Amino acid sequence: MLRIGLTGGIGAGKSALSATFAECGGVIVDGDVIAREVVEPGTEGLASLVDAFGDDILLPDGSLDRPALAAKAFADDEARKKLNGIVHPLVGKRRSEIIAAVAEDAVVVEDIPLLVESGMAPLFPLVVVVHADVELRVRRVVEQRGMSEEDARARIAAQADDEQRRAVADVWLDNSGSQADLVQRARDVWHNRILPFAHNVAQRQIARAPARLVPADPAWPDQARRIVARLQTACGHKALRVDHIGSTAVPGFDAKDVIDIQITVESLAVADELAEPLLSVGYPRIDAITQDVAHTDDPALWRKRIHASADPGRPTNVHIRVDGWPNQQFALLFVDWLTANPDARADYLTAKRDAEKRGNGDSEIYVAAKEPWFFDAYRRAWDWADSTGWRPRPVT
């Protein structure tokens, strides 16, 4: 099963996007529908709302008067928090019940209006955000839902802003044009990213990227932050720290378009315990690679576990190493050493370009061709560390 988180502000077009994914074969779990279900007459949710906001939020037939509730719940931050504190746990429980009944090979699209606000984004292997600018959203809500402009703007102001949504978005779909344009973009994402992703997860196989260098991408740090948050959530307390490492972590440095992440654990046994949690968020294990190149007399201290992303839209390697072992320390040192030393960056870039020519797109040849450079780089990096008093950055 692959779970997709779908969100967008009121009036952005989330319903149209959700409907398109449903037509493509997705199982839609709609947060709005569930939110209405958990506050129907006779439910625990409705009783709690009446206790919190008064019985004047009820219609004569005993059902919820939604505009009356909205007038109270969106009046200020405290009222909104009170509403969310009642509804969100009930929605979460019902959502879990629905998902538990879904077929194992399904792609589940969880339509969650407050995905960002609730902090749920890292729970999903992929987050899709549909966007439109504020003025367009206001106009849509007023014209299509009959809401007043004042109410529409209050709803928008109470939700996450564009910057907050971009921070969690693996896929950003603009819906400033026609619905037909959005439908076409949605189908492209479904067939070219979501379905291959789901297939790879089911087969426990990774999405491979050619060993080609590309210019430094300013989006790499933001992409890495999303991945780090996802991995931290999946690993929980078993991850002592999760870091963006490798060339894409060095500002302005050309590299393969592959994000490298290091998860630090207490032991390889703990690393093995993370195999299924990491698969559940889209990172199958690569059993064939269990050791880095040894730079010491004790190769056992260079062992590791490695996973990689099944998402064809974001190739990622996830290295799991033991706290304090030389390979774990060197991965952290390497980024800081390269960042601080232009000559080292230039040397490494030359080595990478030579390896790229030798490999001609083959990742295994590319990696093997770089190994001789690393033997000398290991010594140089540690000489720099000793001279500067380098220590790993604190866990944030």
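**Exercise 1. Determine how β7 and strand β9 (residues 259-265) pair, and place them in their sheet.**

Solution. Step 1: β7 and β9 run antiparallel to each other and are joined by five bridges. Two strands count as paired if DSSP finds at least two bridges between them. Helices (H or I, at least four residues) and strands (E, at least two) are DSSP runs, numbered from the N terminus. The structure is a predicted model, in which local features need pLDDT of at least 70 and side-chain atom pairs count only at pLDDT 80 or more, while totals for chains, interfaces and linings use all residues. Residues are numbered from 1 along each chain as its sequence is written, and side-chain values use heavy atoms, with hydrogens and water left out.

Step 2: one residue pair can be located, since Asp-243 has Gln-262 in β9 as its bridge partner.

Step 3: helix α13 (residues 326-340) packs on the sheet and touches β7, β9 and β12. Its direction makes about 50° with that of β7. Contact means heavy atoms within 4.5 Å. Axes are lines fitted to C-alpha atoms, for helices over the stretch in contact, and angles run from 0 to 180 degrees between N-to-C directions.

Step 4: the open sheet has five strands in the order β7-β9-β12-β11-β10, with mixed pairing. At its edges are β7 (241-245) and β10 (285-286), each of which pairs on one side only.

Step 5: helix α10 (residues 220-235) also lies across β7, β9 and β12 (316-322), and runs at about 30° to β9.

**Exercise 2. Describe the open sheet with the order β2-β3-β1-β4-β5.**

Solution. Step 1: this sheet has five strands, and its pairing is parallel.

Step 2: β2 (27-30) and β5 (171-174) stand at the edges with a single partner strand each, so one side of each has no neighbour in the sheet.

Step 3: direction ignored, neighbouring strands of this sheet are turned by 20° against each other on average.

Step 4: within the sheet, strand β1 (residues 2-7) runs parallel to β4, and four bridges join the two. Thr-7 has Val-129 in β4 as its bridge partner.

Step 5: α9 packs on this sheet, where it touches β1, β3 (107-111), β4 and β5. The direction of α9 makes about 165° with that of β5.

**Exercise 3. State how many cavities of 30 Å³ or more the structure holds, and characterise their linings.**

Solution. Step 1: the search of the whole structure finds two. On a 1 Å grid over the protein atoms alone, a cavity is a set of points where a 1.4 Å probe fits but cannot get out, and a pocket is an open set with protein on both sides within 12 Å along at least five of seven lines; lining residues have an atom within 4 Å of a point. Grid points are joined across faces, edges and corners, and a volume is the space filled by probe spheres set on the points.

Step 2: the largest cavity holds about 60 Å³ of space. Its lining includes Asp-170, Arg-193, Phe-197, Ile-227 and Arg-230. At least two lining residues come from each of α9 (179-203) and α10.

Step 3: the second largest cavity holds about 30 Å³. Among its lining residues are Val-129, Val-130, His-131 and Trp-172. With three residues, β4 gives the most to this lining.

**Exercise 4. Identify the residues closest to the centre of the second largest pocket.**

Solution. Step 1: this pocket has about 1,200 Å³ of space.

Step 2: of its 44 lining residues, Asp-260, Lys-304, Asn-317, His-319 and Val-367 are the closest to the centre.

Step 3: α15 supplies the largest share of the lining, seven residues.

**Exercise 5. Find where the salt bridge between Asp-170 and Arg-230 links the chain.**

Solution. Step 1: side chains of opposite charge can pair when their charged atoms come close. A salt bridge is a side-chain nitrogen of Lys or Arg within 4 Å of a carboxyl oxygen of Asp or Glu, and the structure holds 29 of them.

Step 2: in one of these, the side chains of Asp-170 and Arg-230 meet at 2.6 Å, N to O.

Step 3: Asp-170 is in the loop between α8 and β5 and Arg-230 is in helix α10, so that the pair links distant parts of the chain, 60 residues apart.
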